[in-house]
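Biologist: I've got a model open on my screen and I'd like to learn how to read it. Could you walk me through a few features?

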Amino acid sequence: MNIILITGMPGSGKSLLSDILKERGYTVISMSGVLRKRYEKEAKIGEKLMDFAKRMREIYGDGVVARLCIEEVSPKLNKIAFDGVRSLSEVEEFKRLGEPIIIAVHSPPSVRYNRIISRMRPDDSKNISELRLRDMDELKFGIGGVIAMADYIIVNDSTIDEFKKRADELLSRILK
C-alpha cells in the first residue's frame, strides 16, 4: 500500500495537495473530517472542535485521530493519503499500515493568515490573534515534530498554479 501523510499548518495548502493526489488516483482521508464526524456525535454543548480534539487526545492518547482514520481504510486500497497529520504519535499509528511518506506543505504565517481570512470557512478563525492561538494549539499537538521529520517539503508561498507545478514535480519524482 502506498501511504502518504500530509502535514502543514492551517492554511498552508494541504487540501490543495490532497486534490492533486486524488487526480493521481489516491484515496484521501481528511483527518479533520473524521474528527468532525465524531465531534458531531460526542461534543459537549458549546464545545469547539479544537477543544474536542484536545479532550479526545487526553482521553484516548495522541494517536486517537489516526486510529479513527485507519478504521476507515478499506483493505482493497493500494494508494491512500491522510490529510492533516498533527503528531509523531499519529505517524506511528499510520506505520501499522506500511511505511508512509511524509509530505509537509509550508507557507509563511502572513500568507496562511490571508488565505484563511479570505476563504471564510465556518470554523476558521476570523482574526490574526485567533489564528496565532490556533497555530500555538497545533504546535502543542506536535505538528512541528511531524514537519521536522517530513521526507519532503513543498513551499507554498506563491500562486495556486505555482504550487501545483511544485507538487506535480515532486510527486512525479517520488511516486513510481
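Modeller: Sure, let's begin with salt bridges: a salt bridge is a side-chain nitrogen of Lys or Arg within 4 Å of a carboxyl oxygen of Asp or Glu. Keep in mind that this is a predicted model, where local features need pLDDT of at least 70, side-chain atom pairs count only at pLDDT 80 or more, and totals for chains, interfaces and linings use all residues. Residues are numbered from 1 along each chain as its sequence is written, and side-chain values use heavy atoms, with hydrogens and water left out.

Biologist: How many salt bridges does the structure hold?

Modeller: There are 16 of them. One of these joins glutamate 72 to lysine 37, at 2.9 Å from N to O.

Biologist: Why does that pair tie together parts that are 35 residues apart in sequence?

Modeller: For that you need the elements: helices (H or I, at least four residues) and strands (E, at least two) are DSSP runs, numbered from the N terminus. Lysine 37 sits in helix H2 (residues 31-42) and glutamate 72 in the loop between helix H4 (64-70) and S3, so their contact links parts 35 residues apart in sequence.

Biologist: Are glutamate 72 and lysine 37 buried or exposed?

Modeller: We go by relative accessible area: buried means under 20%, exposed over 50%, and partly exposed in between (1.4 Å probe, protein chains only). Glutamate 72 is partly exposed at 40%, and lysine 37 is partly exposed at 43%.

Biologist: Which salt bridges share partners to make a network?

Modeller: Look at lysine 54, which meets aspartate 51 in a salt bridge at 3.9 Å, N to O. Both lie in helix H3 (residues 49-60), three residues apart, or about one turn of the helix. Lysine 54 also forms a salt bridge with aspartate 137, with the closest N and O atoms 3.3 Å apart. Aspartate 137 belongs to helix H7 (residues 128-141) and lysine 54 to helix H3, so this pair ties together parts 83 residues apart in sequence. Through shared partners, Asp51, Lys54 and Asp137 become one network. Aspartate 137 is buried at 16%, while aspartate 51 is partly exposed at 36%.

Biologist: And the strands? Which strands does S1 pair with?

Modeller: Two strands pair if DSSP finds at least two bridges between them. S1 pairs with strand S3 (residues 79-83) in the parallel sense over five bridges, and asparagine 2 stands opposite lysine 79 in S3. S1 also runs parallel to strand S4 (residues 101-106), joined by four bridges, with isoleucine 4 opposite isoleucine 101 in S4.

Biologist: Why is S1 largely enclosed by the rest of the structure?

Modeller: Five of the six residues of S1 (residues 2-7) are buried, so the rest of the structure largely encloses this strand.
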